[in-house]
Amino acid sequence: MSRLAAATAATAYQKEWFAGIRARVAAGEPLALVNADAPQELLRAMDIPYVVNQWWASVVAAKQRADESLQVLRDRGYPDYSRQYDAVSLGSHFLADAPWGGLPQPTVVIAENSGDAARKVFDLWDELPGTDFYPLERSSAVQAPPRWWELVPHRWEEAFGPERIDLLAGEITDLAAWLTERTGRVLDVDRLRTVMDLVNEQAEWNRRTRNLLAGTRPTPVRVGDTIPAVMIPQWHRGTEWGRDAARRLHDEVAGLARTGAAVVPGERLRLMWLGRGLWYDLGLYRRFEERYGAVFVWSMYLAIAADGYLRYGPDPVRALAGRFAGITDQLYTPPWSTDWYVKEAQAHGVDGVVHLVADDVPGSWFTTRALEDAGIPVLEIHASNADPRTGGPTSSTRRSASSSRVGSANGPTPEGGRHCRPTCAPADDPHRHSSPDPHRRGRRKDTPMRTRNTSTGALGAGSAALMALTMALTACGEGTTTVAATRWQLPRWTAPPSSTNSCPRPRRRAASPSTEPSTSRSCRRSRARSPSSTTSRRRSSGWSRRT
């Protein structure tokens, strides 16, 4: 099956656009580097060119340069085992031959305070001469309305609460003034209203596409195609090109569905990829198809583009605050996130979930539990989506075996997570079908992966076993075995037999005040901060320079 034309067109457009960004910056225009959780529509309305940090990290990882970028940070005395998805762009800035000519040094950096370590990554950007950092506060949900995805398009104030909207709306106003001081660009509220309207149109097209794919059997498009076809236009939200790209994707998918196109003829198993894209190994999705007849029919990118961004309202600043006040809740805060993932899994008729669990993603344990309680088997992979040392093909031990299991990691990292090291176990391994390690984060002791009856015939009873097996075979090579169990215990995760594949983890040292990254320039705003905000907690993150 050929690649989606929408994906090819989006990738080509993005390369041309980025070359234009580099040219504009070289000509003296400002550049903003923003995290995905920042209100990018404000920059669009102010005509400030911007690059999304996570998008650039995905480019670096896909070009197999993430490990070099992280090594740069390690060589400069910073940790390379923490917040890799946030930090890869910073490391790549110092590469001599970065992909696509490299990311120009930004004039401003904008990100939400999502934790101590994340804050310090952006403080390091702030230490570069000519770059200023604006930190946005993160508020917390007090209660979760049922079926929030039906509430937020029009009743977002009710969903998130006026206090949270007030906080972020005030920060957006403050941010606009701060940007004017540094770039000379001024916010036009009418222009922002037009941008918000275009974003809503784009989200409506994404919702139609998501609903179409949820009801189509067999699935006519690959997740590896829909991710760029959705996310590249998402980084261009508020433009006519972004809206039109979303419409073209829908029309192409609808045409494939009408003709009965199938990614995998005789589709055997429908899987949900839960988590960020595995940027350094995008071929993983296709290996499932080619070897096992299993196809990924869902990723969070199209789904959150469908349900997470629609915000209608007369005040564009307040509606923009309503879009971003709870974006993290929707993806990572239970029961906001767990209810939504279960809804999506059931709507798409998935037989199982492959859950990529990163150390910097909260709520993963609750997500897995909610899916299993709904009768949907889950296979967890503990790895960073941007750091190939934690789960990439080169870090996996590949051996053929008559029976396989998925193993893990090098034990806890300094921040309590685990790196993923898929390994193969010999058939006589006493732990091959044992209960999981009770200390491993994200899994209850002695909890089997549940199975569910599906329309896949004999595979219905053993779908969980088949899913665990296919993941193990994908990691370990061409092993073969027979699956007879109807209930499958999650295999025990153990360290690999050799330390040669271990991700280096430098020892953390207590940082003295004199060695911490300076915060004076990043805290220039005069308004008082809440004592409980993440900006007031500056230590114990590992992101201070080691001496």
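A crossover is termed right-handed if, with the strands pointing away from the viewer, the path from the first strand over the helix to the second runs clockwise. In the present predicted model, strand E7, helix H18 (residues 364–373) and strand E8 make a β-α-β unit of this right-handed kind. E7 (residues 352–357) and E8 (residues 378–382) are paired in the parallel sense over five bridges, and Leu379 of E8 is the bridge partner of Val354. E7 also pairs in the parallel sense with strand E5 (residues 269–274), over four bridges; here Val353 is the bridge partner of Met272. Six of the six residues of E7 are buried. Both faces of the strand are thus represented: Gly352, Val354 and Leu356 are buried on one side, and Val353, His355 and Val357 on the other.

Helix H1 (residues 5–26) comprises 22 residues, for which a rise of 1.5 Å a residue gives an expected span of 32 Å; the end C-alpha atoms are 32 Å apart, in agreement with this value. The buried residues of H1 are Ala6, Ala7, Ala10, Gln14, Trp17, Phe18, Ile21 and Val25. They cover an arc of only 110° around the axis and therefore lie on the same side of H1. Such an arrangement can be read against helical geometry: an α-helix has 3.6 residues a turn, so residues three or four places apart point the same way. The buried residues of H1 pack against strand E2 (50–52) and helices H3 (53–62), H11 (223–234) and H12 (240–258). On the other side of H1, Glu16 and Ala26 are exposed. Just after the helix, Gly28 adopts a positive phi of about 110°.

Aromatic contacts were also examined, and the structure holds 24 aromatic pairs. In one of these, the ring centres of Phe18 and Trp100 are 5.9 Å apart and the planes stand at 55°, so the pair is tilted. Because Phe18 belongs to H1 and Trp100 to the loop between helix H5 (84–92) and strand E3 (108–112), the pair ties together parts that are 82 residues apart in sequence. Phe18 has a relative accessibility of 1% and counts as buried, whereas Trp100, at 25%, is partly exposed. The rings of Trp148 and Trp336 likewise form a tilted pair, with centres 6.1 Å apart and planes at 40°. This pair links helix H7 (residues 148–151), which contains Trp148, to helix H17 (residues 336–347), which contains Trp336, across 188 residues. Trp148 is buried at 1% relative accessibility, and Trp336 is buried with a relative accessible area of 1%. Both residues belong to one aromatic cluster formed by Trp148, Trp149, Phe160, Trp298, Trp336, Trp340 and Tyr341.

Notes: Residues numbered from 1 in each chain as written. Predicted model: local features only at pLDDT ≥ 70, side-chain atom pairs only at ≥ 80, totals over all residues. Heavy atoms only, no water. Buried < 20%, exposed > 50% of the residue type's maximum accessible area, 1.4 Å probe, protein only. Helix = DSSP H or I, 4+ residues; strand = E, 2+ residues; numbered from the N terminus. Pairing = 2+ DSSP bridges. Expected span 1.5 Å × (residues − 1). Arc of directions from axis to C-beta. Contact = heavy atoms within 4.5 Å. Phe/Tyr/Trp six-rings, centres within 6.5 Å; stacked < 30°, edge-to-face > 60°.
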